[in-house]
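Student: I am new to this structure and would love a close look at one part of it. Could you pick a single spot and walk me through it?

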Amino acid sequence: MGGGSSPMDIFNMFFGGGGRMQRERRGKNVVHQLSVTLEEIYNGTTRKLALQKNVICEKCDGTCFFVCF
């Protein structure tokens with residue numbers, strides 16, 4: 001292949017390999033214990049889980065104490 005392209009370019013285009021694309025930075029995984037019975041798992045029972053996430057203000061890097069909003 002000419003033009004400086006690699007045979008892996010098509011693979012990287014679909015699967016994001018090689019680290020060429022900038023990815024969004026992720027935080028740590030959140031773990032929450034939830035008790036369910038074997039019957040609930042078998043029947044596909046669903047549950048709602050509400051979480052809160054604290055974020056640092058992008059305008060002032062967290063120094064504003066509610067003034068930026």
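Tutor: Ile 10 sits in helix H1, which spans residues 9-15. Helices here are DSSP runs of H or I with at least four residues, strands are runs of E with at least two, and both are numbered from the N terminus. This is a predicted model, where local features need pLDDT of at least 70 and side-chain atom pairs count only at pLDDT 80 or more, while totals for chains, interfaces and linings use all residues. Residues are numbered from 1 along each chain as its sequence is written, and side-chain values use heavy atoms, leaving out hydrogens and water.

Ile 10 is partly exposed, at a relative accessible area of 47%; buried means under 20%, exposed over 50%, and partly exposed in between (1.4 Å probe, protein chains only). Together with Met 13, Phe 14 and Phe 15, Ile 10 makes a nonpolar surface patch of about 510 Å². Such a patch takes residues with over 30% relative accessible area and no salt bridge (a side-chain nitrogen of Lys or Arg within 4 Å of a carboxyl oxygen of Asp or Glu), joining nonpolar side chains (Val, Leu, Ile, Met, Phe, Trp, Tyr) within 5 Å and like charges within 9 Å.

Now for the setting: the protein has two helices and zero strands, and buried residues make up 7% of its 69 residues.

Note on methods
Accessible areas come from the Shrake-Rupley method with a 1.4 Å probe; for residues, only the protein chains shown count as cover.
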